[in-house]
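The briefing below concerns the interfaces of a two-chain model, its ligand site and selected backbone features. Please consult the sequence and the structure alongside the text.

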Amino acid sequence: MAISDVLSHRAFAQAPRRGAATRLLEDERWLAAVLLLPTVILLGLFIAYPFVEGVWLSVTDATVGVPGHFVGLANFTALLHDSIFLVAVRNTFVYTAVATVLKLALGLWLALLLNRHFRGKAFTRAFVLLPFIIPTVLSTFAWKWMFDPTFSVINWTLFQLGIIHGRINWLGDPSLALISVIIVNVWRGVPFYAISLLAGLQTINPELQEAAAIDGARPWQRFWHVTWPLLLPVTMVVVLFSVIQTFADFQLVYVLTGGGPANATQLFATYAYQIGVGTGLLSQGAAVSLAMFPFLLIIVVVQLLYIRRVEVH
Amino acid sequence: MARVILRNLNKFYDDVHAVKSVNLEIRDKEFVVLVGPSGCGKTTTLRMLAGLESISSGQVLIGDTVVNDLAPMDRDIAMVFQNYALYPHMSVYDNMAFGLKMRKVDRNDIRKRVQEAADILGIQDYLARKPRQLSGGQRQRVALGRAIVRHPQVFLFDEPLSNLDAKLRVQMRVELKKLHNRLNTTAVYVTHDQVEAMTLGDRVVVMRGGVVQQVGEPLELYNAPVNRFVAGFIGSPAMNFAPARLRDGAGKLHADASGFGLQLPADIAARLRPYTGREVIVGVRPEDLQVANGSYPPGLCFDAMVEVVERLGAEVLLDLQVGQHTMVASVEPGVAARRGDKLRFALKPERLHFFDASSEAAI
Ligand SMILES: Nc1ncnc2c1ncn2[C@@H]1O[C@H](COP(=O)(O)OP(=O)(O)OP(=O)(O)O)[C@@H](O)[C@H]1O
Ligand SMILES: [Mg+2]
């Protein structure tokens, strides 16, 4: 079989006449170009074009229906004096940092639990993924009801338990709103951490735990000296993905609070949307969302460098 | 230093009865090898001893303490795993030092003990390397080093040499033996390789299907196996077996098998007398089959046809057709046998083994 394949290829290669198309396809440079083309078109159409367009918009004074002229960095300098923008920056950092830490801690804890042997393990693992599978807008609406001052099931429970006496206005109270939004983000993000870290845990040879147990390490020492260092590369990649997503989060906040009350939950993405689409100031909206870029870049570069270091060691 | 006692030890995995009422007394400083075919429960027994596997019933004693409810770290044992189980992110030094650090041994003491172990094992030059930068044999040494720096009461080994190539395995086997002679610590060693068992063990425990078949010194197992399984398992090439019927002929006891018949000397006949008229299994080791030189009594000789000749240098293995059986004979290199030759073989009656046909117990 293999031999006859080789023979027929050779016969084919030595055939005196070949079509022009065949000749082109046999040239690897051409073939590579042809194979890459669909991807290039898709990426260009849906990522590169909007990005370039966004950059262009941010240096003009375009509004809806008005093409706009080049104004240099005026939109960006204006942002520095925009108090709401500064609040959004602060919120985004708090939101990302707190949510990431909580997601990592809870996700890791869950992954460690799921990595044990117990009855119904497969079912539980699938169940844990639910928050991740349900469309964000759908589950966020459910949360909105749970946070509703009048109908809140959370308030009801706390009230019945005698922990609170009045109503908690989860989303309406400016000092609580960001916390509430973070809670939902954590709820939604934990499964991704749990499942990814579980996959990482399963690559660690269980004999290492046994060796460490015999060596005299207590459970938390086994975690700290063996599991954690070996899980670190996976953890770093998971955190990297999650930070990028959380930093640019939109749907969740948009559905829950729309950035309010009084911009208490305003993030980069919601503020950009509010200015660009809500108010119609396209150029300034573009400038807000582009302002995210350097921050994200720094975060990503720092993390990638760290991942490299971890992997080298 | 301590003795180890297994008392009526059982292990159930749901409905799998993996270890069945194992009783064993391992003396202080003794090197005991558990050997048996795959799945016979060696690893499970060892892991119950280590505390890595729960004990379904029975007792494990280390020293004079029942350790059933003690965590592995409190049993004062060290274990060497088949796949080494070295911590991949730690240097060789840290791998060896880990157990001591966990036990809060003084820093200078740790350095001294690691250095000492490294010197014994010849791995001084690799202390800064990571396990993945070592060859299989070097990793094995590190794994040994990690065990010996701890100065435990008992060493446990689970097939530590099975990942090494044949030559290195023989070399490490010798080193393990030397190491034990030097450290004089009680050791329990699991292997499925009977040569390893025979060469390393002060005593050998043969297991099958979760049951201990025989416990004894290597030569005891070789010379006086208690049943057909042990007889076939110990020794390489394996013992030849042939069913034979015992018959009383003119006051002498005869064993008739396909292709050969034996006239048994009086002492053996006395032992086998109750089996007269019944079938037994005759066992003969390849090295006990020798080419007859004429002076042998004819009642202890038989003819066989040579089918395959394997010249190993120090010995020659002949695959023989004897009646309906094939047998293997290990003869001197000087024997000039060729395929198709008909040779006359002689049996030494005192080297024959007889087994009950149904219980397979030695008679
Ligand atoms: N976790 C487990 N669950 C169920 N059965 C098991 C488990 N571990 C081992 N067994 C069974 O117990 C028996 C003994 O296994 P064990 O690992 O002790 O064998 P072994 O003698 O070490 O074999 P090998 O030479 O292949 O390592 C086998 O039949 C095995 O299938
Ligand atoms: Mg095993």
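No salt bridge is found across the interface of domain 1 of chain B and domain 2 of chain B in this predicted model. Three residue pairs are nevertheless in polar contact across that interface, both residues of each pair being at pLDDT 80 or more. Between chain B and chain A, the count is two salt bridges.

**Domains of chain B**

- Chain B is divided into domain 1, covering residues 4-233, and domain 2, covering residues 240-356.
- Eight residues of domain 1 of chain B and seven residues of domain 2 of chain B take part in the contact.
- The C-alpha centres of domain 1 of chain B and domain 2 of chain B are 40 Å apart.
- About 720 Å² is buried between domain 1 of chain B and domain 2 of chain B, and carbon and sulfur atoms give 55% of this area.
- Of the area that domain 1 of chain B buries against domain 2 of chain B, 72% is supplied by Tyr222(B), Arg228(B) and Ala231(B), more than by any other three residues.
- Helix 7 (218-223) and helix 8 (228-233) of chain B are the elements that give two or more residues to the side of domain 1 of chain B that touches domain 2 of chain B.
- That side of domain 1 of chain B has four nonpolar, three polar and one charged residues.

**Domains of chain A**

- Chain A is divided into domain 1 (12-58) and domain 2 (82-312).
- The contact involves five residues from domain 1 of chain A and six residues from domain 2 of chain A.
- The centres of domain 1 of chain A and domain 2 of chain A, taken over C-alpha atoms, are separated by 39 Å.
- The area buried between domain 1 of chain A and domain 2 of chain A is about 420 Å², with carbon and sulfur atoms giving 85% of it.
- Phe51(A), Leu57(A) and Ser58(A) account for 84% of the area that domain 1 of chain A buries against domain 2 of chain A, more than any other three residues.
- Between domain 1 of chain A and domain 2 of chain A there are zero salt bridges, and the count of residue pairs in polar contact (both at pLDDT 80 or more) is also zero.
- On the side of domain 1 of chain A that touches domain 2 of chain A, three residues are nonpolar, two are polar and none is charged.

**Interface between chain B and chain A**

- In the contact between the chains, 25 residues of chain B meet 18 residues of chain A.
- The two chains bury about 1,800 Å² between them, of which 62% comes from carbon and sulfur atoms.
- The side chains of Arg150(B) and Asp215(A) form a salt bridge, with an N to O distance of 3.4 Å.
- A salt bridge also joins the side chains of Glu210(A) and Arg47(B), at 2.7 Å from N to O.
- This pair crosses between chains, with Glu210(A) in helix 11 (residues 206-215) of chain A and Arg47(B) in helix 1 of chain B.
- Over all chains, the structure holds 17 salt bridges.
- Eight residue pairs are in polar contact between chain B and chain A, both residues being at pLDDT 80 or more.
- Helix 1 (42-50), strand 6 (77-80) and helix 2 (92-102) of chain B each give at least two residues to the side of chain B that touches chain A.
- By class, that side of chain B has 15 nonpolar, three polar and seven charged residues.

**Ligand 1**

- The residues around ligand 1 include Tyr13(B), Ala18(B), Lys42(B), Thr44(B) and Glu159(B).
- A polar side-chain atom of Tyr13(B) is 3.4 Å from a nitrogen atom of ligand 1.
- An oxygen atom of ligand 1 lies 3.1 Å from a backbone N or O atom of Cys40(B).
- An N or O atom in the side chain of Thr44(B) is 2.5 Å from an oxygen atom of ligand 1.

**Backbone features**

- The peptide bond from Ser236(B) to Pro237(B) is cis, with omega near -5°.
- Pro237(B) is placed in the loop between helix 8 and strand 11 (240-249) of chain B.
- Ala262(A) is not a glycine, yet has a positive phi of about 50°.
- The loop between helix 13 (251-256) and helix 14 (268-278) of chain A contains Ala262(A).

Terms used
Residues are numbered from 1 along each chain as its sequence is written. Chains are lettered from A and ligands numbered from 1 in the order in which they are written. This is a predicted model: local features need pLDDT of at least 70, side-chain atom pairs count only at pLDDT 80 or more; totals for chains, interfaces and linings use all residues. Side-chain values use heavy atoms; hydrogens and water are left out. Domain bounds come from an automatic or database domain assignment. Contact means heavy atoms within 4.5 Å. Buried area is the accessible area (1.4 Å probe) that two parts lose on being put together, summed over both. A salt bridge is a side-chain nitrogen of Lys or Arg within 4 Å of a carboxyl oxygen of Asp or Glu. A polar contact is a pair of N or O atoms within 3.5 Å; within protein, one must be able to donate a hydrogen and the other to accept it, and residues adjacent in sequence count only if both atoms are side-chain atoms. Helices (H or I, at least four residues) and strands (E, at least two) are DSSP runs, numbered from the N terminus. Ala, Val, Leu, Ile, Met, Phe, Trp, Tyr, Cys and Pro count as nonpolar, Asp, Glu, Lys and Arg as charged, and the others, Gly among them, as polar. A residue is near a molecule or strand if one of its heavy atoms lies within 4 Å of it.
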